[in-house]
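Here is a set of exercises to work through with the structure open in your viewer. Try each task before you read its solution.

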Amino acid sequence: MIPALVLTAGLATRLRPLSFVRAKAALPVAGEPLVRRILRGLRGAGVTDAVLNLHWLPHTLTSRIGDGGDLGMRVRYSWETPVLGSAGGPKRALPILGAPTFLIVNGDTLTDVDLAAVVAAHQASGALVTMAVVPNHEPDKYGGVIVERDGAVTGFVRRGAAQPSYHFIGVQVTETRAWERVPANVPYESVGALYPEIIAARRGAVRAHVCAAAFMDIGTPSDYLETALLLGERDGTGNPPGARSRIHPTARIERSILWDDVEVGEGSLLRECIVTDGAVVPEDTSWIGVSLRRADGDLAPHERRIGDLAIASL
């Protein structure tokens, strides 16, 4: 199987304040960091060589993945300073990937797409890029990909557009040649700027693999909570408290996610909450539908400080 680049360098601004504590791909989902779930899925499809691009809070990723040996993979890293964007990032990673064809997988989306089928469709078509897509049933939430009957991608529409479209589910196969026009080591806004140029140069150079795969994204704190709870219920694992967390026997934890080194005091209640690394929930307090993190820096605009905690509604 071809190698994979997993995009994990982004600032995750929509996920704040959670992304003040960890990179998005390091968030725990049903007891396991999101990126480890993604890598395990890749390994199950035969991918043994992966690269993660890094910028924001990189230690929260590297400390949880290492060299990938325990996953049966070789994992390497492409460092970005400054962050280079969804087009500049792949350009920088090309020498590490060292392959003419490779997968690009978003580090914030879980999907059961058949990777072998996407790769086969790409190799049969002669395209420079093949994007895995599903019908866009939520155009008010997601922008879309315009796909012709023959599978050629001819454009993109913004969120809220009335034109029928497909939703890109975060997996694509690409040729190294697709990135020739991207300047090296320079921030390049996004593939939203690059792909229209490729399409304009040759129809069919960007193609869609239309499928019926399921997907879950983690765009906002509420998306994250919903996805983590759903996967915990589906897998039967629940969402166990993170490492070294201490919960008083009288505390009540309901449909909540506790990260590492969390302490929950006597008589406290957490319902549909996210408690991030190292936060201490005071005794005899009740919290519903909020994120709690240590208030050890500036607050986000929608956070408020209560004691030693920064609190935000989900």
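## Backbone oddities

N185 sits in the loop between β11 (166–175) and α5 (191–201). Please keep in mind throughout that this is a predicted model.

**Exercise 1.** Find the sign of phi at N185, and work out whether the residue is buried, partly exposed or exposed.

Solution. Start with the torsion: phi of N185 is near 60°, a positive value in a residue other than glycine. Next, take the accessibility, which is 47% in relative terms. Exposed would require over 50%, so N185 counts as partly exposed.

**Exercise 2.** Do the same for D284: give its phi, its place in the chain and its exposure class.

Solution. D284 is not a glycine, yet its phi is positive, at about 55°. The residue belongs to the loop between β20 (280–281) and β21 (286–288). Its relative accessibility is 58%, so D284 counts as exposed.

**Exercise 3.** Where in the chain do P17 and P82 lie, and are the peptide bonds leading into them cis or trans?

Solution. Take P17 to begin with: the bond from R16 to P17 has omega near 10° and is cis. P17 lies in the loop between β1 (4–7) and β2 (28–29). Then turn to P82: the bond from T81 to P82 is also cis, with omega near 0°. P82 is placed in the loop between β5 (74–79) and α3 (85–97).

## Strands and sheets

**Exercise 4.** Determine how β4 and β5 run relative to each other, and the handedness of the connection between them.

Solution. Strand β4 (residues 49–54) and β5 run parallel and are joined by 6 bridges. For a concrete pair, look at V51, whose bridge partner in β5 is R76. Now follow the chain from β4 through helix α2 (residues 59–65) to β5: this β-α-β crossover is right-handed.

**Exercise 5.** Which strands stand at the edges of the open sheet that contains β17?

Solution. The sheet has 3 strands in the order β14-β17-β20, with parallel pairing. β14 (246–247) and β20 each have a single partner strand, so these two stand at the edges, and one side of each has no neighbour in the sheet. To check one pairing, take β17 (residues 263–264) and β20, which pair in the parallel sense over 2 bridges. Within it, E263 has V280 as its bridge partner in β20.

## Charged pairs

Side chains of opposite charge can pair when their charged atoms come close.

**Exercise 6.** Which parts of the chain does the salt bridge between R22 and D277 tie together, and are its two residues buried or exposed?

Solution. The distance from N to O is 2.9 Å, and the cut-off is 4 Å, so the pair qualifies as a salt bridge. R22 lies in the loop between β1 and β2 and D277 in the loop between β19 (274–275) and β20, so the bridge ties together parts that are 255 residues apart in sequence. As for accessibility, R22 is buried at 2%, and D277 is buried at 16%.

**Exercise 7.** Examine the salt bridge between E303 and R293: how far apart are the closest N and O atoms, and where do the residues lie?

Solution. The closest N and O atoms are 2.8 Å apart. E303 is in the loop between β22 (290–294) and β23 (304–306), while R293 is in strand β22, 10 residues apart. Both E303 and R293 are buried. Elsewhere, salt bridges with shared partners join E32, R36, R37, R40, D70, R234 and D235 into one network. The count of salt bridges comes to 23.

## Nonpolar cores

**Exercise 8.** Which residues touch the most other members of the largest nonpolar core, and what does L39 contact?

Solution. The largest core holds 52 residues, and L39, L42, L103, V113 and Y224 touch the most other members. Setting aside neighbours within four places in sequence, L39 is in contact with V6, A50, L52, I65, L71, M73 and V75. A second, separate core has 28 residues, including L94, F102, V153 and V182.

Conventions
Residues are numbered from 1 along each chain as its sequence is written. This is a predicted model: local features need pLDDT of at least 70, side-chain atom pairs count only at pLDDT 80 or more; totals for chains, interfaces and linings use all residues. Side-chain values use heavy atoms; hydrogens and water are left out. Helices (H or I, at least four residues) and strands (E, at least two) are DSSP runs, numbered from the N terminus. Buried means under 20% relative accessible area, exposed over 50%, partly exposed in between (1.4 Å probe, protein chains only). Two strands pair if DSSP finds at least two bridges between them. A crossover is right-handed if, with the strands pointing away from the viewer, the path from the first strand over the helix to the second runs clockwise. A salt bridge is a side-chain nitrogen of Lys or Arg within 4 Å of a carboxyl oxygen of Asp or Glu. A nonpolar core is a set of buried Ala, Val, Leu, Ile, Met, Phe, Trp, Tyr and Cys residues joined through side-chain atoms within 4.5 Å. Contact means heavy atoms within 4.5 Å.
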